[in-house]
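Let's take a friendly walk through this fold, strand by strand and helix by helix. Keep the model open beside you as you read.

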Amino acid sequence: MVTKFQSLDAIVRTGALLIVRLDSAEEALAVSEAAIEGGVRALEITLSVRGALEVISKLSERYGKDGVVVGAGTVLDEQAAHACVSAGASLLVSPNLNPAMIAAANRYQAVTVSGAFTPTEIVDTMQAGADIVKLFPAEFMGPEYVRTVKAPLPQAPLMPAGGVSPDNVKAWFDAGVVAVGVGSSVTKAARPDGDYRRVTEAARTVLRSIEEARA
């Protein structure tokens, strides 16, 4: 069994969390498998995906023993948290702060990535026990916002989600984030022709960019 420490380490070590928010369970499963082939070690299937819990269950069964962190996204409350953990999720992600969700995750030792926007929300999220604070929506802030917030809050484990790409990951890590949430640049790479090898290559590209940004 993979421990919470190992799950959190996989996210921080690779520096990436893949956000899988797609139109169908079939596409979400295919994209996730292709991204894992490309080196992704942590991903979230958002509950907006129809059949998300089934996808989480399949991925956890297939890849959990290999140390891949399979999580759920858009987990808004304690009831959803329990359902996701029961399906095999070892990571719960939310766009907002819900202390009961975090408490449920901690009860079952699942990693939590909880959303925040302002300094007050960031502090409240840390105080509630979240492992990582998800800056959302990050495209309205940018790396300079992270740098400004980290001045009085250097202990904040921030992860931007929204607008992150291989072209700007260096700026985010230079500003002090612990990881980045990666979305459509990887998950929708196969859309033009249905070739999921494009997803695998896109995953490799972003992971390589992160490695170079941290060098």
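Two strands count as paired when DSSP finds at least two bridges between them. With that in mind, and remembering that this is a predicted model, look at strand β6, where Lys 134 is the bridge partner of Gly 115. Gly 115 belongs to β5, which pairs with β6 (residues 132–135) in the parallel sense over four bridges. Strand β4 (residues 91–94) also runs parallel to β5, joined to it by four bridges, and here Val 93 stands opposite Val 113.

Helices link these strands. β4, helix α5 (residues 99–107) and β5 form a right-handed β-α-β unit, and β5, helix α6 (residues 119–127) and β6 form a right-handed one too.

How enclosed is β5 itself? Six of the six residues of this strand (residues 111–116) are buried, so the rest of the structure largely encloses it. In a regular strand, side chains alternate between the two faces of the sheet. Accordingly, Val 111, Val 113 and Gly 115 point one way, while Thr 112, Ser 114 and Ala 116 point the other.

Now turn to helix α2 (residues 25–37). Its 13 residues should span 18 Å at 1.5 Å a residue, and the end C-alpha atoms are indeed 18 Å apart. Among its buried residues are Leu 29, Val 31 and Ile 36, and the cover over the buried residues includes β1, β2, α3, α9 and α10. After α2 comes Gly 39, with a positive phi near 110°.

Helix α10 has 18 residues and reaches 26 Å, close to the 26 Å expected. Its buried residues, including Val 206, Leu 207 and Ile 210, pack against α1, β1, α2, α8, β8 and α9.

Technical notes. Residues numbered from 1 in each chain as written. Predicted model: local features only at pLDDT ≥ 70, side-chain atom pairs only at ≥ 80, totals over all residues. Heavy atoms only, no water. Helix = DSSP H or I, 4+ residues; strand = E, 2+ residues; numbered from the N terminus. Expected span 1.5 Å × (residues − 1). Buried < 20%, exposed > 50% of the residue type's maximum accessible area, 1.4 Å probe, protein only. Contact = heavy atoms within 4.5 Å. Right-handed = clockwise from strand over helix to strand, strands pointing away.
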